[in-house]
Amino acid sequence: MGLGLGLGLGVGLVALSLVLSPVLLLRFKTQSDQGWYLANYNSPPLGTLAVCQQLDVPVTVHNLTPLDWGGGPEGSYHLAYHWLDQPDHIFQFEGIRSVMPATLKAGQQATIQAHLRAPARAGSYFLVWDVVEEEVSWFSLKSASYQKQAVEVTASANSNYNLLVTPTGVKAPPPACLMCRPTPNVASFGT
């Protein structure tokens, strides 16, 4: 009698867990978690940017996963980007993170004003938008899927970035964007 009651209680708890935790249920339904990290990104073409230029770009992110994403300032999902200097070679992996909506349900899409900073070196690049689930993974690493957009970066004399001052007082181009001093105002795309 006690064994039957214990077994029934155990089965009931497992069933309740599956109902309350969609992730646990997905673990039983899928062979891998690769499909949990799919998104589509749509943004206007950027064309040419100046070295270290900062701007906000409207990016429409479509949640192609079976899961809802928890965003917001304290959320675990953020939109960011990578810079490639060849079609399949990473130049800069960590881009600025932008806040996602509080919740982006499975199958839904939202347009986010993504913060972007161009690389510190002039040249031809590919921009790859990507969602990161903090403390877990970047979507492109899990799904092996990404979209790239060609961008030309120039060292224009009238570009909107500050050069670093060397110890001798001579201005020199920064070796990396981390060393670029951000401009006071971040330009919006298209302005």
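What follows walks through the overall make-up of a predicted model, then one central strand, the salt bridges and a buried asparagine.

Starting with the big picture, the protein chain has 191 residues, and 36% of them count as buried. Its secondary structure comes to 3 helices and 15 strands. Contacts reach a long way along the sequence: taking those with a separation of 6 or more, 69% are between residues 24 or more positions apart. As for the outside, the accessible surface comes to about 11,000 Å², and carbon and sulfur atoms own 60% of that.

Strand 10 is a good place to look at how the strands fit together. This strand spans residues 123-133, and 8 of its 11 residues are buried, so the rest of the structure largely encloses it. Strand 5 (residues 77-86) pairs with strand 10 in the antiparallel sense, over 8 bridges. Within that pairing, Phe126 of strand 10 sits opposite Leu84. Strand 12 (residues 149-154) also runs antiparallel to strand 10, with 5 bridges joining the two; here Gln149 of strand 12 is found opposite Leu127. A further antiparallel partner is strand 11 (residues 137-138), joined to strand 10 by 2 bridges. Trp138 in strand 11 is the bridge partner of Val132. Strands 10 and 11 form a hairpin with 3 residues between them, and in this hairpin Glu135 adopts a positive phi near 70°.

The hairpin also leads into the charged pairs. Side chains of opposite charge can pair when their charged atoms come close, and the structure holds 4 salt bridges. In one of them, the side chains of Glu134 and Arg97 meet at 2.6 Å, N to O. That pair links distant parts of the chain, with Glu134 in the loop between strand 10 and strand 11 and Arg97 in the loop between strand 6 and strand 7 (98-99), 37 residues apart. Glu134 has a relative accessible area of 23% and is therefore partly exposed; Arg97, at 30%, is partly exposed too. Glu94 joins in as well, linked with Arg97 and Glu134 in a network of salt bridges.

Another salt bridge connects Asp88 and Lys148, with the closest N and O atoms 4.0 Å apart. This one again links distant parts of the chain: Asp88 belongs to the loop between strand 5 and strand 6 (89-92), while Lys148 belongs to the loop between helix 3 (139-143) and strand 12, 60 residues apart. Asp88 counts as exposed because its relative accessibility is 63%, whereas Lys148 is partly exposed at 39%.

Lys105 and Asp68 make a salt bridge too, their closest N and O atoms being 3.7 Å apart. Lys105 lies in the loop between strand 8 (103-104) and strand 9 (109-117), and Asp68 in the loop between strand 3 and strand 4 (69-70), so the pair ties together parts 37 residues apart in sequence. Both ends are partly exposed, with Lys105 at 42% relative accessibility and Asp68 at 41%.

Asn63, in strand 3 (residues 54-63), touches both members of that pair: leaving aside residues up to four places away in sequence, its contacts include Asp68 and Lys105, along with Leu38, Trp69 and Leu104. The Asn63 side chain reaches the backbone oxygen of Lys105 at 3.4 Å. With 0% relative accessibility, Asn63 counts as buried, the cut-off being under 20%.

Definitions and conventions
Residues are numbered from 1 along each chain as its sequence is written. This is a predicted model: local features need pLDDT of at least 70, side-chain atom pairs count only at pLDDT 80 or more; totals for chains, interfaces and linings use all residues. Side-chain values use heavy atoms; hydrogens and water are left out. Helices (H or I, at least four residues) and strands (E, at least two) are DSSP runs, numbered from the N terminus. Buried means under 20% relative accessible area, exposed over 50%, partly exposed in between (1.4 Å probe, protein chains only). A polar contact is a pair of N or O atoms within 3.5 Å; within protein, one must be able to donate a hydrogen and the other to accept it, and residues adjacent in sequence count only if both atoms are side-chain atoms. Contact means heavy atoms within 4.5 Å. Accessible areas come from the Shrake-Rupley method with a 1.4 Å probe; for residues, only the protein chains shown count as cover. Two strands pair if DSSP finds at least two bridges between them.
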